[in-house]
Amino acid sequence: MTKGTVFLATLVLVSGILFCDLGVAATQELYAGGSEFAGETISYIGEDGPLYRYHVEKWIPIFEKRTGIKVNAEIVPAEQLDVKLVTEFLAETGAYNIFTWGPHQYGEFATKGWIEPLAKYFKEDLAPKGYGIEQFLPNIVNTIMCMNGEIYGLPISVDVKLLAYRTDLFSEAGLTPPETFSQEIRYARKLTNPPTYGVAIHGKQYDATVWVFYTFLWGCGGEIYDENWNPTFQQEPGVKALTAYCDLIEYGPPDILTYDFMKVESCFASGRAAMAHIWPGSCGSFVNPETSKVIGKWDAAQIPHWEGCVSHPGGGGTVYTISSQASPREKKAAFQLGAFLSSEEVDLDSVLAMKNASPCCAATFQNSRVKEMHLHFPAMFEALKTFRMPRSIAPQREINSVVVLAMQQAAIGEKSPRQALADAAKKVRKILEEAAVLK
Amino acid sequence: MKGFRKFKKTLLPWLFMTPAFLILLVVLAIPIVWTCGLSFYDWSLLYTTEKTFVGFKKYAEILTSPIFWKSLKITMILTVACTFFEFIIGLALALLLNREIRARNIFRGLFLIPMMITPIVVGLQWRWLYDTEYGLINYFVGMIGFSRPNWLINKSWVLPSIIIAETWENCGYVILFLLAGLQSIPQSLYEAAQLDGASRLKRLLNITLPLLKPVILIVLIMRSVVSFRIFALIYTLTGGGPANATKNLAMLTYETGFSYWRIGQAAALAVFMMGVCMFMGIFYIKFIKIER
C-alpha cells in the first residue's frame, strides 16, 4: 500500500467519523440544552393505539430526561377520549394540558375556546432547533394543522384513502391500477370470482364510512358545501359519486354493508378482495406473516376519480392539541412536548419501528429505509398532494351521520341515490340553520 | 342502658344502611334527578357551555321527530320478542334442569356461560356467526338446502338476528332465577298432585306456574327493562344499520348525547325511556296478580 493510499484511507475514515458524529450531534440537539420549563409538570392524555403507546413508553421518558419537564401520561380507549375531555373541559378542571385529537373535530372544541391557537408558540422559540411548519408537507399544514387558517394541532399521523390492489390478480388479468371509477367498477366485475371479490370498502353505518362518499364526491368534482355553507353534495357530482359507490359494492362481499375498517383490512389481507379502499394504517397487516396471505402480492395506488376530474382522497389524521384551560407555563411546556413528539426525529423513528404507517414529515417520506419497509409510501406521498378534509364545523359529526344514512339507504335500494342525497341535504340544512351557520 | 337498647332497636339499623343509601344517592338518585332537570334545558355542547331553560320543548322535539318513532317501534319489537323468547326458552330449560337428568350440573354450567361473556364480545362473536359466506349459521342453513340470507344487511332478517343473539346471551339469567324458584317449590305438592292423577301439564299450570309467580314477575320486569335498552350488541353487530333499521332508543340516546352533544334532547330521551320502564314494571305487577 502506498503512502498516498494510506493518507486517503485515513482521510476518508476520519471524515466518516466526523460525519457520523455530526449526524449524532444533530439528533441530540433536540432539547439537548434542556428547557426553561424544567421542573414543570404537565398532563397528557392520548387514545389507545400503537403509535401513542410508543410515544408514551419510549419518547416521553426521553423528553422528560432532556427537558426536565415531568409528564403525567394517560392512555384511554378512543371511544372514551372525547367524553372524558368534554367532561373535564366543562368542569374546567384543567386536568389535561395536551391530548391527541382528530382535526375534523376542531370545530367542536374551537368554537368553545377549549383549544389553544398555536401560531404564536412557533414565534416564541419554544420548539426544538430545526422544527417548524416547513418540515410538514404543505397540504398537511392546510388540512390537519389548521381550521379557518388558525393552527390548532401538531400533526403526528395523517390518514389518507388509498387503493390497495392485488398485483398478482391484476397481472394475470392484464390490468393496471384503475384511474377512474368506471374502470374500477369494470375491474371489480372482472376480478370477482368467489370466494375472491372485486373490492372491499367501508359500508357499515358509522362515522368513518362517510370518508368514502367524500372521497368519491371530491373525485367527481363536487363539494360538500358552497362558500356560504349551503349543502351542495346532493347535486349532480354527488349523485354520480353515490351511484358509483352503489355500483362498486355490487362486486364486494355479500355483507359489505357491515364492513368497517377492520373488516376491509382483514378481507384484503386474507386474499378475499382484489382491491380495497384502505387507510395507510392497514398496510402493516398486509406485510405481517401472521395476518396476511398477500405478502409480496399487493401494492397501493391512488383512489380513482371521475373522468375529467382529479383524485382527492379524503382523510384525517391525529394531532396533539393543547388545552386553553392550562396555565401559560403549562401551555408552553405542553407545546414543547407536542413539538418534540411531532418532530422529524420521532416521526422517522416511529415509522422505522413500524408503529406509524402515516407520517407527516416530508423528510420521512424521502428516507430510503422507510421506502423499502413501507410499500404504500410512494402512493401515499402522491395522495397527500391532493388530499382533502371537509371544512371543519361544529356539527360535522351529525352531518356525517346524515350522509352515511343516505349512503346506506341508496346501497340497500330503499331510495335512489338522488332521493337519498336530496333528503340528506334537507336534514343537513336544518342542522346548519340550528348551528346559526345558515340563515 | 335503656337508651342504648332503644338506639340499637331504632337507629342502629339505619346507621348500617346509610353507606348503601349514600352510594345509591350518588350513583342513582342524583344522576336521575339531574338528568330529569337537564331535559328541560336546551344545552347543545357543540356551540355553547350555557344552558337555556325551555320547559317541555325538548320533549316536543323528540315526539315530533320521525326517527324517534321509528326507534321506539324497533325498541318495542326487540323488547317484546326478546322477553318472550328468553322467558319461554328459559322456563323450558329450567324445567328440564330441575329434573334428575344425567350430567345436570354440567348442563347448568353450560347454559350459564353466555351471560358471563361481555356484551361487546358477544356482538363480535355473533358478527362472525352471521357472516354470509363463512358464518357457521349459514353453513348449516346451506347444508339443509335453504338459500343463505344476509343476516345483518337484509331488513327482514336483521331484527330477528339481534333477537336471536340477545336471547342466546340472556337466557342464562332467566334459567338461574326460575331454577331457584323451582327448587323452592315443595316436592310434596307434586307428589300429592301425582297421586290425585294430575297430568304433567296440569301440574305445571296449577302448581308450578302459580307458585313461581313472584319469580316470574321479577324475571319479566328485569328482562323487559334490559331488552328495552340493548346497546352493546347493536353497536357491534350493525351500528344501528342498515339505514337505521336497528337503531333503538338506546342507540338514539347515545348518539344524540355523545356524538351530537345535544345534552338536553338526550336527557329527554333518557327520561322517556325511564318512564316507559317504570310503566312496564307497574303493568307487570298489576297483570301478574300475586296473592299474599
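What share of the contacts in chain A with a separation of 6 or more comes from residues 24 or more positions apart? In this predicted model, the figure is 76%. Burial can be put in numbers too: 52% of the 439 residues of chain A count as buried.

On to the overall build. Chain A contains 19 helices and 11 strands. Its radius of gyration comes out at 24 Å, close to the 22 Å that the globule rule gives for 439 residues, so chain A is as compact as a globular protein of that length. Along the principal axes, the C-alpha atoms take up a box of roughly 75 × 65 × 35 Å.

Five of the strands make up an open sheet in chain A, lined up in the order 2-1-3-11-6 with mixed pairing. Strand 2 (70–76) and strand 6 (154–160) of chain A sit at the edges; each has a single partner strand, so one side of each is left without a neighbour in the sheet. Going from one strand to the next, the twist averages 15°.

Now for a look at one pair. Strand 1 (residues 41–47) and strand 2 of chain A run parallel and are joined by seven bridges. Take I42(A): its bridge partner in strand 2 of chain A is V71(A).

Then there are the helices that go with the sheet. Helix 13 (residues 328–341) of chain A packs on it, touching strands 1, 2, 3, 6 and 11 of chain A, and its direction makes about 145° with that of strand 11 (315–322). Helix 2 (residues 50–67) of chain A lies across strands 1, 2, 3 and 6 of chain A, and runs at about 175° to strand 2.

Note on methods. Residues are numbered from 1 along each chain as its sequence is written. Chains are lettered from A and ligands numbered from 1 in the order in which they are written. This is a predicted model: local features need pLDDT of at least 70, side-chain atom pairs count only at pLDDT 80 or more; totals for chains, interfaces and linings use all residues. Two strands pair if DSSP finds at least two bridges between them. Helices (H or I, at least four residues) and strands (E, at least two) are DSSP runs, numbered from the N terminus. Axes are lines fitted to C-alpha atoms, for helices over the stretch in contact, and angles run from 0 to 180 degrees between N-to-C directions. Two residues are in contact if their C-beta atoms, placed from the backbone, lie within 7 Å. The radius of gyration is taken over C-alpha atoms; the globule rule is 2.2 Å times the number of residues to the power 0.38. A residue is buried if 20 or more other C-beta atoms lie within 10 Å of its own, exposed if 12 or fewer, and partly exposed in between; C-beta atoms are placed from the backbone.
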